[in-house]
Amino acid sequence: MLVFAPGRIRENFHLNVKGNELTVSYLPPEGFPRPEWVRREYSRGAFDRSLTLDETIDATNITAKYVDGVLQVSLPIIPGKETSSQEIQIS
């Protein structure tokens, strides 16, 4: 999973697994400057995203790293629990 979050501080990301839910959040440090821009492409403020993990994900071995503005979260699959895929045509 890739989370595009440029201009953030690695230590302020938080990943948490509770039950079958993975939460990725970011909280900027206190006193972080918030300039009043006329136009900006993205916000550098806080965010919180959650997703449900199915039984094929090995939640105990999830890893993450923040490189060049992208948080890379590795969701390893438990061997033997892979699911089949199916392409769905769009009409």
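Hi everyone, let's start with one pair of residues: Thr23 has Ser50, in strand 4, as its bridge partner. Keep in mind as we go that this is a predicted model.

That pair takes us to the two strands around it. Strand 3 covers residues 21–26, and it pairs with strand 4 in the antiparallel sense, over six bridges. If pairing is new to you, here is the general idea: strands of a sheet pair through backbone hydrogen bonds, either parallel or antiparallel.

Now let's step back to the whole sheet. It is an open sheet of three strands, in the order 2-3-4, and the pairing is antiparallel. Which strands sit at the edges? They are strand 2, residues 13–18, and strand 4, residues 47–52, and each of them pairs on one side only. On average, neighbouring strands here are turned by 15° against each other, if we ignore direction.

Next, the nonpolar core. The largest one has 13 residues, and Phe13, Phe47 and Leu71 are those with the most contacts inside it. Strand 3 supplies the largest share, three residues. Strand 6, residues 70–74, also supplies at least two.

Let's look at Phe13 for a moment. What does Phe13 touch, leaving aside its neighbours within four places in sequence? Its contacts include Phe47 and Leu71, along with Ala5, Arg8, Ser25, Tyr26 and Tyr66.

Finally, a residue for contrast: Lys18, which also lies in strand 2. Is Lys18 buried or exposed? Exposed counts as over 50% relative accessible area, and Lys18 counts as exposed because its relative accessibility is 67%. The C-alpha atoms of Lys18 and Ala59 are separated by 9.5 Å, although these residues are 41 apart along the chain.

Thanks for listening!

Note on methods: Residues are numbered from 1 along each chain as its sequence is written. This is a predicted model: local features need pLDDT of at least 70, side-chain atom pairs count only at pLDDT 80 or more; totals for chains, interfaces and linings use all residues. Side-chain values use heavy atoms; hydrogens and water are left out. Two strands pair if DSSP finds at least two bridges between them. Helices (H or I, at least four residues) and strands (E, at least two) are DSSP runs, numbered from the N terminus. Axes are lines fitted to C-alpha atoms, for helices over the stretch in contact, and angles run from 0 to 180 degrees between N-to-C directions. A nonpolar core is a set of buried Ala, Val, Leu, Ile, Met, Phe, Trp, Tyr and Cys residues joined through side-chain atoms within 4.5 Å. Buried means under 20% relative accessible area, exposed over 50%, partly exposed in between (1.4 Å probe, protein chains only). Contact means heavy atoms within 4.5 Å.
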